[in-house]
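The following exercises concern the chains of one model, their sheets, their helix packing and some backbone details. Each task is followed by a solution in steps.

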2 protein chains.
Amino acid sequence: MAEADLTLARGRPGPTREADNPRSLVVRFGPDRPLKLDAGVELSPFQIAYQTYGTLDANRTNAVLICHALTGDQHVANVHPVTGKPGWWETMVGPGKPIDTNRYFVICANVLGACMGTTGPASTNPRTGEPWGLDFPVITIRDMVRAQAMLLDHLGIDTLFAVAGGSMGGMQVLQWAASYPERVFAALPIATGARHSAQNIAFHEVGRQAVMADPEWRGGRYLVEGTNPRRGLAVARMGAHITYLSDAALHRKFGRRFQDRSNPTFSFDADFEVESYLRHQGITFVERFDANSYLYLTRAMDYFDLAADYGGVLANAFRGTETRFCVISFTSDWLFPTSESRAVVHALNAAGARVSFAEIVTDKGHDAFLLDEPELFAIVRGFLAGAGKARGLPPAD
Amino acid sequence: MAEADLTLARGRPGPTREADNPRSLVVRFGPDRPLKLDAGVELSPFQIAYQTYGTLDANRTNAVLICHALTGDQHVANVHPVTGKPGWWETMVGPGKPIDTNRYFVICANVLGACMGTTGPASTNPRTGEPWGLDFPVITIRDMVRAQAMLLDHLGIDTLFAVAGGSMGGMQVLQWAASYPERVFAALPIATGARHSAQNIAFHEVGRQAVMADPEWRGGRYLVEGTNPRRGLAVARMGAHITYLSDAALHRKFGRRFQDRSNPTFSFDADFEVESYLRHQGITFVERFDANSYLYLTRAMDYFDLAADYGGVLANAFRGTETRFCVISFTSDWLFPTSESRAVVHALNAAGARVSFAEIVTDKGHDAFLLDEPELFAIVRGFLAGAGKARGLPPAD
């Protein structure tokens, strides 16, 4: 029976090895430098795992912070230590790429609550010697950004030339611009919004329930008890993955084509190509991601509502900002539709900010920000060139 | 912890009591009248549970068949025997309603593969004395319609004045018109399509995987083993339910409002109203539906591709038809968007069929066909009045 397929994801959770001892640069913040969380508690000690690319210039003016999305990590432009696959944004970041590591010093940190070396629920709780699990405090996008600011302090970088990211990464970009306007010269929020919609919260809640319904989740104590809620997490990933694509993209990629045959099997095997594809997405995700991290990061996205922190008026989040913004959306993105980006643009306009806005025509859905989209690359390249000139960076060759 | 919530759905599966001995009218087809299935096997014996409303006229010309959707059943316009709630289409069907039981003899049968008394995986397999489970053959929309035609033969009804239904019910309407054009005077396919899209197959596959990932599913043998995959089925229902609504409807109903408080709890409890709503949808569904039926019926929808049975040309499914069609879609339905209805209308036009088409403006999403939509009621009432006149039925009072 088809039931077997999701059980192919076996073995102990892959990412937990990275949680405490990542194959990355790491900065550890001791008891003297606690992280104050929105939940009203302090996290201490904690650590941030990060990668850098390129060279910081003498004036420390060419730093670009990349903020990753829900299931991304700090491995933007290098081979991933767990999966062996290329970095998740190698089309965008690298020598000669739109975010050109020959010109910019690129930093990407694993977000707070994730599982690739920055402190999160899979990390060891120093008080117990066991993984944090659900004792880890619930965190917010603002907490992630606070932690990143501490990393920049550690690196001696006052001002970022740019901060860029898509989806949950774009939320962090907006939070950066709101929390630390003086530290952000240019901001690129891509395929994102200033709040999570009711529909998006709903999809996240289904994913969380899928994880928590798995008996191997054990109330979040699976790492201690030696179980692994792989099936629940795989189901969560399958459902989420549909929202990252568009109906048109799914139709173009798979249509109603049958898998390895021309007729239905009259069974519950993966008859259609789209079924096999989704099952594969679920199984491979489980190998590289921690189930509790999935709960915490989706929760952080759900809580994100930038306007709420500014009296319900989004423009107030950006009042008086000197930051230059480039807001980008995609026509077929139904998770963060253009209307969400437009709301950000309207708020920036109302705040008198410098903002350019591009809606890119594509049928690739939300995931377009990760894919080969020449128009996206051209816009990012052009925006950074203009901002670089204003910043007094040397021109590109 | 919030983990507890989905476990509120307890006890043995509610609908299994109805599977063999439903509180409905029942017709049993013995070994002399097997049902030939698309899977290449014969189902025999089998039974159909159905409800009727109103009175068949002397000429047997006023029969209206209602086809129910995935999670519907035969209890269109009476109190449901399991849930105690009103029938699922009481706004549409009843005395003086658009499908007026003072004028029409309304029939609705539980579909093949379901769990409210028509033979399905929860029914007893006469060869083993145990529930069919996954030994039940995989069925198609065409099989459902074949079974309904046998019911009409049993009732002595040659020709339906009308056949109507939404979603999976609409698929059956289209199949009726294609398979038995001489038996259908008027057809009302609502919020449906002539095939299931790749995105819809993908959502169904996630739901099936959620069910099959539940260890209590036991390879489909949960009724025999005394378990109940309630958590998996609840997760499946939660995910599906999002697709029945629109982003706008969710926003209007719930927005980002917190449940019973004004601030986040910084936990994984149901913080947002939309989360509580979805959990409730999941829990109540489990009380009235069989998990294996959910697998079989979603599979039947996925397999539906009417054009494929007619050389890939949808118009050929309707060539020479005398049936009058009224096709209805809803602007905010993203599960069966208007483009799917329009494809049906184009095919009917190409086949030279009588067809009227209405796209109703609403933000209620796919579920609009079940809700209080005055424009829908007016269109159905008007279409049936016109068809009734053509059919020679007495005019409405």
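Two residues are in contact if their C-beta atoms, placed from the backbone, lie within 7 Å. The model to which this criterion is applied is a predicted one.

**Exercise 1. The interface**

Task: Determine how many residues of chain B are in contact with chain A, which elements of chain B supply them, and through which surface the copies meet.

Solution.
Step 1. Counting the contacts gives 50 residues of chain B against 50 residues of chain A.
Step 2. On the side of chain B that touches chain A, two or more residues come from each of helix H4 (198-213), helix H6 (230-244), helix H7 (247-253), helix H8 (273-286) and helix H9 (291-303) of chain B. H4(B) supplies the largest share of this side, twelve residues.
Step 3. Sorted by class, this side of chain B comprises 29 nonpolar, nine polar and twelve charged residues.
Step 4. Of the interface residues of chain B, 100% are interface residues in chain A as well, so the copies meet through the same surface.

**Exercise 2. The relation between the chains**

Task: Find which operation lays chain B on chain A, and name the axis.

Solution.
Step 1. In general, two copies of a chain are related by a rotation about an axis and a shift along it.
Step 2. Here a turn of 180 degrees with a shift of 0.0 Å along the axis lays chain B on chain A, with an RMSD of 0.0 Å.
Step 3. This is the relation of a two-fold axis.

**Exercise 3. The sheet of chain B**

Task: Give the strand order of the open sheet of eight strands in chain B and identify the strands at the edges.

Solution.
Step 1. The order in chain B is S1-S4-S8-S5-S11-S12-S13-S14, and the pairing is mixed.
Step 2. Strand S1 (25-29) and strand S14 (354-360) of chain B each have a single partner strand, so one side of each lacks a neighbour in the sheet, and these two stand at the edges.
Step 3. From one strand to the next, the twist averages 20 degrees.
Step 4. Within this sheet, strand S11 (residues 160-166) of chain B runs parallel to strand S12 (residues 184-190) of chain B, and six bridges join them. B:Val163 has B:Ala187 of S12(B) opposite.

**Exercise 4. An edge of the sheet in chain A**

Task: State which strands are the edge strands in chain A, and how S1(A) runs relative to its partner S4(A).

Solution.
Step 1. Chain A also holds an open sheet of eight strands with mixed pairing, in the order S1-S4-S8-S5-S11-S12-S13-S14.
Step 2. Strand S1 (25-29) and strand S14 (354-360) of chain A pair on one side only and are the edge strands.
Step 3. S1(A) and strand S4 (residues 46-53) of chain A run antiparallel and are joined by five bridges. A:Arg28 stands opposite A:Gln47 in S4(A).

**Exercise 5. Two helix pairs**

Task: Classify the packing of H4(A) with H9(A) as parallel or antiparallel, and do likewise for H4(B) with H6(B).

Solution.
Step 1. Two packed helices are described by the angle between their axes and the distance between the axes.
Step 2. For helix H4 (residues 198-213) and helix H9 (residues 291-303) of chain A, the angle is about 160 degrees and the axes lie 10 Å apart. An angle over 145 degrees counts as roughly antiparallel, and H4(A) and H9(A) are therefore roughly antiparallel to each other.
Step 3. H4(A) passes H9(A) in a left-handed crossing. The residues of their contact include A:Ile201 and A:Val211 of H4(A), and A:Leu295 and A:Met301 of H9(A). By class, this contact has six nonpolar, three polar and two charged residues.
Step 4. H4(B) and H6(B) pack at about 165 degrees, with axes 7 Å apart; they too are therefore roughly antiparallel.
Step 5. The crossing of H4(B) and H6(B) is right-handed. Among the residues that meet are B:Phe203 and B:Val206 in H4(B), and B:Leu233 and B:Val235 in H6(B). The residues of this contact divide into nine nonpolar, four polar and no charged.

**Exercise 6. Backbone details**

Task: Locate the cis peptide bond that involves A:Pro45, and the loop in which A:Arg60 is found.

Solution.
Step 1. The cis peptide bond joins A:Ser44 and A:Pro45, with omega about -10 degrees. A:Pro45 lies in the loop between strand S3 (42-43) and S4 of chain A.
Step 2. In chain B, a cis peptide bond joins B:Ser44 and B:Pro45, with omega about -10 degrees.
Step 3. A:Arg60 is found in the loop between S4 and strand S5 (63-67) of chain A. Phi of A:Arg60 is near 60 degrees, a positive value in a residue other than glycine.

Notes. Residues are numbered from 1 along each chain as its sequence is written. Chains are lettered from A and ligands numbered from 1 in the order in which they are written. This is a predicted model: local features need pLDDT of at least 70, side-chain atom pairs count only at pLDDT 80 or more; totals for chains, interfaces and linings use all residues. Helices (H or I, at least four residues) and strands (E, at least two) are DSSP runs, numbered from the N terminus. Ala, Val, Leu, Ile, Met, Phe, Trp, Tyr, Cys and Pro count as nonpolar, Asp, Glu, Lys and Arg as charged, and the others, Gly among them, as polar. Copies are superposed by least squares on the C-alpha atoms of residues with pLDDT of at least 70 in both. Two strands pair if DSSP finds at least two bridges between them. Axes are lines fitted to C-alpha atoms, for helices over the stretch in contact, and angles run from 0 to 180 degrees between N-to-C directions. Angles under 35 degrees count as roughly parallel, over 145 as roughly antiparallel, 65 to 115 as roughly perpendicular and the rest as oblique. A crossing is left-handed if the near helix is turned anticlockwise from the far one by less than a right angle, and right-handed if clockwise.
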